Amino acid sequence: MRKKIVAGNWKMNTTVSEAVELAKGLVASLNEVPEDVKLVVAPPFTNLVPVSDVISGTSIALSSQNCADQEKGAYTGEVSAKMVKSVGCSYVILGHSERREYYGETSEKLVKKIKLALGEGLSPIFCIGEKLQERQDNIHFDVIAAQIKEVLFELSAEEMAQVVVAYEPVWAIGTGVTATSEQAQEIHAYVRGILAEKFGELAQEISILYGGSCKPSNAKELFACPDIDGGLIGGAALKASDFIAIAQSY
Ligand code: PEP
């Protein structure tokens, strides 16, 4: 049985007090979420500790939105996988399209990050997805295959077993345009097929999340697809009632 995961990427939003309020809202409604759906929240680095305090003792898991590609030392402004682990994270989002686009996150860097994260016992939520032009040029399958092969094919099966994949078409992130359930399912099945090339049967155990303008009104249809194992939620994760409603869509 694959884990069902609904993860909230809060991006560069929330002050400490706003983050605490949002986390408290989630805790208050947690009993409305099916027990087999794992909630994960990814606040900004500055809010990991206060949010960790609020969700402590609940089933909600903590994630960071990134970690450094170096272990430790003179890397001003960076936050290491070990630091992230030390504040209570069990997940780390890696390779988000905004990091690839604005911060030069390459596959080479992502291999280093994912290995360091795995070394700390963190589960990476590894993001992949094509840009609009790539879909229009009909090269989206190639783009996705390359993103997977360049990073995840560097892992052992034991390491891969800890990874969650998130398919996030860049044209659907924050745009209000969602992939149709057919488009999403097609890619999710394709991703699983590529993972099977390298990891065989293990591919059936890997959770593959959909991300991109997922909201209460479309989550049910997306989550009903056989290869969609949950969602990575941006905008709708900033409102506790919407995030909970998405999780309830299972
Ligand atoms: C994201 O950035 O991971 C995301 C899915 O954003 P949104 O839900 O706002 O499209």
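**Entry 1: contacts along the chain.** I began with the contacts in the protein whose separation is 6 or more, and found that 72% of them join residues 24 or more positions apart. I note here that I am working from a predicted model.

**Entry 2: secondary structure and overall form.** I counted the elements next and recorded 11 helices and 8 strands in the protein. I then looked up the radius of gyration, which is 17 Å. The globule rule gives 18 Å for 250 residues, and the two values are close, so I regard the protein as being as compact as a globular protein of that length. Along the principal axes, I found that the C-alpha atoms fill a box of roughly 45 × 45 × 35 Å.

**Entry 3: burial and surface.** I asked what share of the 250 residues counts as buried. The value I recorded is 54%. For the accessible surface of the protein I noted a total of about 11,100 Å². Carbon and sulfur atoms account for 52% of that surface.

**Entry 4: the shell around the ligand.** I turned to the ligand and asked how many residues surround it. I found 14, of which the closest are Lys11, His96, Glu168, Gly174 and Ser213. Sorting the shell by class, I obtained 8 polar, 4 nonpolar and 2 charged residues.

**Entry 5: polar contacts of the ligand.** I looked up distances from oxygen atoms of the ligand to N or O atoms of the protein. For Glu168 the partner is a side-chain atom, and the distance is 2.6 Å. For Ser213 the partner belongs to the backbone, at 2.7 Å from a ligand oxygen. Gly235 also offers a backbone N or O atom, and I recorded 2.8 Å between that atom and an oxygen of the ligand. I then checked how much of the ligand the protein covers: the ligand taken alone exposes 290 Å², and the protein buries 96% of that area.

**Entry 6: the loop between E1 and H1.** I returned to Lys11, one of the residues closest to the ligand. I located Lys11 in the loop that runs between strand E1 (4–9) and helix H1 (16–29). I asked which sign the phi of Lys11 has. Phi is positive there, at about 50°, although Lys11 is not a glycine. Thr14 lies in the loop between E1 and H1 as well. Thr14 is likewise a residue other than glycine, and I noted for it a positive phi near 85°. I recorded these angles because most residues other than glycine have a negative phi.

Conventions. Residues are numbered from 1 along each chain as its sequence is written. This is a predicted model: local features need pLDDT of at least 70, side-chain atom pairs count only at pLDDT 80 or more; totals for chains, interfaces and linings use all residues. Side-chain values use heavy atoms; hydrogens and water are left out. A residue is near a molecule or strand if one of its heavy atoms lies within 4 Å of it. A polar contact is a pair of N or O atoms within 3.5 Å; within protein, one must be able to donate a hydrogen and the other to accept it, and residues adjacent in sequence count only if both atoms are side-chain atoms. Accessible areas come from the Shrake-Rupley method with a 1.4 Å probe; for residues, only the protein chains shown count as cover. Ala, Val, Leu, Ile, Met, Phe, Trp, Tyr, Cys and Pro count as nonpolar, Asp, Glu, Lys and Arg as charged, and the others, Gly among them, as polar. Helices (H or I, at least four residues) and strands (E, at least two) are DSSP runs, numbered from the N terminus. The radius of gyration is taken over C-alpha atoms; the globule rule is 2.2 Å times the number of residues to the power 0.38. Buried means under 20% relative accessible area, exposed over 50%, partly exposed in between (1.4 Å probe, protein chains only). Contact means heavy atoms within 4.5 Å.
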